[in-house]
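Visitor: I am new to this structure. Please take a close look at one part, the contact between the chains, and then tell me what else is worth finding from there.

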There are 2 protein chains.
Amino acid sequence: MSITRMSQLFVRTLREDPADAEVASHRWLVRAGYIRRVAPGIYSWLPLGLRVLHNVERIVREEMDAIGAQEVSFPALLPREPYEATGRWDDYGDNLFRLRDRRDNDMLLGPTHEEMFTLVVKDLYSSYKDLPLAIYQIQNKYRDEARPRAGLLRGREFIMKDSYSFDIDDAGLDESYRRHREAYIRIFDRLGFDYEIVQATAGAMGGSKSEEFLAVSDIGEDTFVRSPGGYAANVEAVQTLRPEPVDASNTPAAHVEDTPETPTIDTLVAVARELFPDREWSAADTLKNVVVKLRHPDGSTEALAIGIPGDRQVDAKRLEAWADPSVVEEFTAEDFAQNPALVQGYIGPQALGEESASGVRYLTDPRIVEGTAWVTGANEAGRHVFDLVCGRDFTSDGSIDVAEVFDGDPAPDGSGPLTLARGMEMGHIFQLGRKYAEALELKVLDPNGKQVVVTMGSYGIGVSRAVAAVAEGTCDDKGLSWPRDLAPFEVHVLATGKGEDVFAKATEIAEELDAAGVTVLLDDRKASPGVKFADSELLGMPVSVVVGRGLADGVVEVRTRSTGDRVDVPVADAVGAIRETLERLG
Amino acid sequence: MSITRMSQLFVRTLREDPADAEVASHRWLVRAGYIRRVAPGIYSWLPLGLRVLHNVERIVREEMDAIGAQEVSFPALLPREPYEATGRWDDYGDNLFRLRDRRDNDMLLGPTHEEMFTLVVKDLYSSYKDLPLAIYQIQNKYRDEARPRAGLLRGREFIMKDSYSFDIDDAGLDESYRRHREAYIRIFDRLGFDYEIVQATAGAMGGSKSEEFLAVSDIGEDTFVRSPGGYAANVEAVQTLRPEPVDASNTPAAHVEDTPETPTIDTLVAVARELFPDREWSAADTLKNVVVKLRHPDGSTEALAIGIPGDRQVDAKRLEAWADPSVVEEFTAEDFAQNPALVQGYIGPQALGEESASGVRYLTDPRIVEGTAWVTGANEAGRHVFDLVCGRDFTSDGSIDVAEVFDGDPAPDGSGPLTLARGMEMGHIFQLGRKYAEALELKVLDPNGKQVVVTMGSYGIGVSRAVAAVAEGTCDDKGLSWPRDLAPFEVHVLATGKGEDVFAKATEIAEELDAAGVTVLLDDRKASPGVKFADSELLGMPVSVVVGRGLADGVVEVRTRSTGDRVDVPVADAVGAIRETLERLG
């Protein structure tokens, strides 16, 4: 190793926030000269940022190797055919970067590599004896996000560790999944995240069991819930407790009432109170029927009506996850005009369902159980029907669990009330099962000589995103503050003064640290102490050493970035004191 | 570290050559399970291959760091605008992968990153005090080659180290260039190539001084020349010695002769001998005028006539390099029809030139100097003109140096006769000068406070290509044979036998080597000794150790892959003997 000098380092710090920075990590990473934007969602790594990235990669690599996963590296530029075979060429929609080569072959930039890994195992392996297998890569991924944001947190070109497991049976997959899950726990512990492991939906990946590792953060794009008893799920995966059926034998027959000027649930509740003042009314007594349009990957569209209690909205993310790979679109005025059985604002269950006048598929919230009575649209302008009983007066084509989740809703496993929080998806582990192996015919011989389809798992970590997430979790109002394991340099030596002796002593301390295996950045610039202090806090090395005025008294100052601690130590003891400070940081 | 066991390793060796393998390195890298083809010119790295690749990267990184170059990392997916500003968006033609994002923005996959590096320096730096600067990256590059071939040797996605230097003046650029050149010499020495540093043309990169590092190899796509006195150049860059002018005062006046049935130079020479039997005639006395069409980057076309001595062909590569970024196309029968002044097969200088009847630009070989007399077309079917003297009877619009180079031609620097050889381009260093800095307005303040344009160098190494080139240079008829520094593992321990003691002892030796810091691959498979020996030679670790039959006599066999040496050593001394063998390999 050798000392890195700031007079030579390719870095410039900025005093102003970049115009497009929405979150702290993005602001500081740009201001501290760690990254630069090249295009929306596409960044370059400057020397300091690249060192952090390499540190994250090292930790990920060590823990993947420790569970026996083997590193490979696949291209980013891929042929269409395998993705066509699994349906993902279409399912990814606009998120996929597609292109044509000079011979007009369709190609893509890989969003993840399930297909390619499946094919290479098919190419190499043929027997149950070859399994289990886990292979991984750390590599560029591409997704043409509609809304790239927050710097590295949601990019269009980004670095992922993706691994894939291959097993002969479900028990093997469970074990591979468990080993990855434990490796992920070690990785995220080492990166120093505050994270939560939550149940997740599989989305376009297909498959069954799936969990996400979320960095808990107010700026996270993902909403998740947790209960005192340990249930945790991202909001898309929360399963609503289905209440017991209700005895409706005392519920009066349904009756239609005039309800003029009730465009909203609130106005409807107000009218209900006027009409039947001796009964209790709330938004939860109303049944709202929302019509949307689903656009399927093949381009066809379908209307869908969703019945939910009126006190809740349809949660757009839950609905998107439910619909995936189909896309949810607005049911427009034109669509309404083409289906006159749907009376906008007054749609009731009786006009819905595949067998009904509208023919629109009708799915209802799990809370709408047999025997429950509802106020809902009467399929006539200005009129609603009261005491419409599920099972007695209407049925649906099935259940759909896409209503918004409230703080305090019960956890589905009975572990107490849910609390909502926000997080950033840092890792995702999937039991893919046999979807990809079936589509691409990955089979091996079992012990009886029979061809069986292999079962797979898929496991991702956002490596470049982790750099931003750590920065986000550790920065303060002065700049970045890196944990020792991730810092570009462990120690920042500042020569603050004009005397030759200051520079000579600072260099000497830096060289001694370097010789002791400590990574060192030396601020040898001709700049004022104020500039050096500010830059040091902005750049965020865990420990800094100020060699300056104190030198006359035989002391240097050792600062700890994360705590703000400052202690004077005798020059002669400086290197020892710095190493002790580093040890205390872990 | 830990031992890698072949029973677990993700590898399968093949007994048959892959159908598309044209060269030995490609054949062996696929058969040994180092790489797999994903699409034409696009490969995946399996575990063994990736370890070699990482070793090459390590060597390149160490030597770049040693000259103070700083590592950064740029995206592969780039916006069009900077490449538009320098003209390369068009100049790269079909070689550039272009695509559009979901908002219809034009993007590209970076072929090299001059533009992006220029812009980031412009973003960060503003003063001569910041310079010199050298920054580099090791990263995926993309070129949509018309003829991807030879596995990793000419790929469409490949890994390059590219670096860029920034200096305030030409002397600085010279120094940056020199430092890179020396780093490259150290890198290629460490990789163990037989290489030649040759003068090169700059091609689409622009710029002035440029040299290539060619791995000398019969399968190379590049032809180069070298002289006994040390001149070396790739064939595109060879400059022809211009002979002294000739005294033409005794040359008779030009005379047109009937030359029926002379479609070729040979038939023309035969007719000349018949007509004037007392003179010496050879193909070198004839002047051949070749017409081609240039297609410019803006899509326009232009006819070009090239006059060269009839004993030489126009060298397609030299002409391509001369024309670049314009592309050379055939001058078709239709084109001839449109320009009746050009009599196909009988074109003479008098019908050529911008001022002539045809109006076609006419450039001539350097050998066509003033006073030389030629037999050439008379611009009439079946007739040639004799004793047509350059300068007296015709002139051209300029000189063009694109004739083929012959073994034995004189070196332009007087260092003796040239010898032709073939090589693979492994590195290329350029003095770019100010082309990119001017196009993208990269200026800094000089010591006088004046804005000056920065001057740049650009330096590339084909990192993935180097893996193939080393394989190509070291393999034999049994498989791969890696130098110690690049090998996936230094030692291959083979347990050949059925006894438990064989596996136990092999494992023990492997563990001792591992503990001593030696990287070890242990063949613990249940396979025959023959299979293990064959695979060991195919995989190509520098040293292998056979623990098998000899064990009963207290010996193991240590084999050196590159020399074929085999020695029995006592089991107790095995680890020491293996380490000594490794030391001898360097």
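Guide: Buried area is the accessible area, taken with a 1.4 Å probe, that two parts lose on being put together, summed over both. Between chain A and chain B this area is about 4,500 Å², and carbon and sulfur atoms give 61% of it. On the side of chain A, the residues that lose the most area to chain B are Phe10(A), Arg102(A) and Leu124(A), together 18% of what that side buries.

Before going further, some ground rules. This is a predicted model, in which local features need pLDDT of at least 70 and side-chain atom pairs count only at pLDDT 80 or more, while totals for chains, interfaces and linings use all residues; side-chain values use heavy atoms, with hydrogens and water left out. Residues are numbered from 1 along each chain as its sequence is written, and chains are lettered from A and ligands numbered from 1 in the order in which they are written.

Contact here means heavy atoms within 4.5 Å. Chain A brings 52 residues to the contact and chain B brings 52 residues. Of the interface residues of chain A, 100% are also interface residues in chain B, so the copies meet through the same surface. To compare the copies, they are superposed by least squares on the C-alpha atoms of residues with pLDDT of at least 70 in both. Chain A falls on chain B after a rotation of 180° with 0.0 Å of shift along its axis, at an RMSD of 0.1 Å. That is the relation of a two-fold axis. In chain A the C-alpha nearest this axis belongs to Leu99(A), at 2.7 Å.

Leu124(A), one of the residues named above for lost area, is also among the buried residues of helix H5(A). Helices (H or I, at least four residues) and strands (E, at least two) are DSSP runs, numbered from the N terminus. Buried means under 20% relative accessible area and exposed over 50%, with partly exposed in between (1.4 Å probe, protein chains only). By that measure H5(A) is mostly covered, with 8 of its 11 residues buried. They are Glu114(A), Glu115(A), Met116(A), Phe117(A), Thr118(A), Val120(A), Val121(A) and Leu124(A). An α-helix has 3.6 residues a turn, so residues three or four places apart point the same way.

After H5 (114–124) of chain A comes a loop that leads to strand S8 (133–142) and contains Pro132(A). The peptide bond between Leu131(A) and Pro132(A) is cis, with omega near 0°. In chain B, Leu131(B) and Pro132(B) are likewise joined by a cis peptide bond, omega being about 0°.

A wider view of chain A comes next. Its secondary structure comes to 14 helices and 30 strands, and its C-alpha trace spans about 95 × 70 × 50 Å along the principal axes. Of its 586 residues, 57% count as buried. Among its contacts between residues at least 6 apart in sequence, 69% join residues at least 24 apart.

Chain B offers a sheet to follow. Two strands pair if DSSP finds at least two bridges between them. Three strands of chain B form an open antiparallel sheet in the order S14-S20-S19. S14 (255–258) and S19 (373–380) of chain B are the edge strands, each pairing on one side only. From one strand to the next, the twist averages 30°; axes are lines fitted to C-alpha atoms, for helices over the stretch in contact, and angles run from 0 to 180 degrees between N-to-C directions. S14(B) pairs with S20 (residues 383–389) of chain B over 4 bridges, and Glu257(B) stands opposite His384(B) in S20(B). Helix H7 (residues 265–275) of chain B lies across S14, S19 and S20 of that chain, at about 75° to S20(B).

The loop between S14 and H7 of chain B holds Glu261(B), which has a positive phi of about 50° although it is not a glycine. Glu261(B) is exposed, with a relative accessible area of 71%. Asn379(B), in strand S19 of chain B, has a positive phi of about 60° and is not a glycine. Asn379(B) counts as buried, at 17% relative accessibility.
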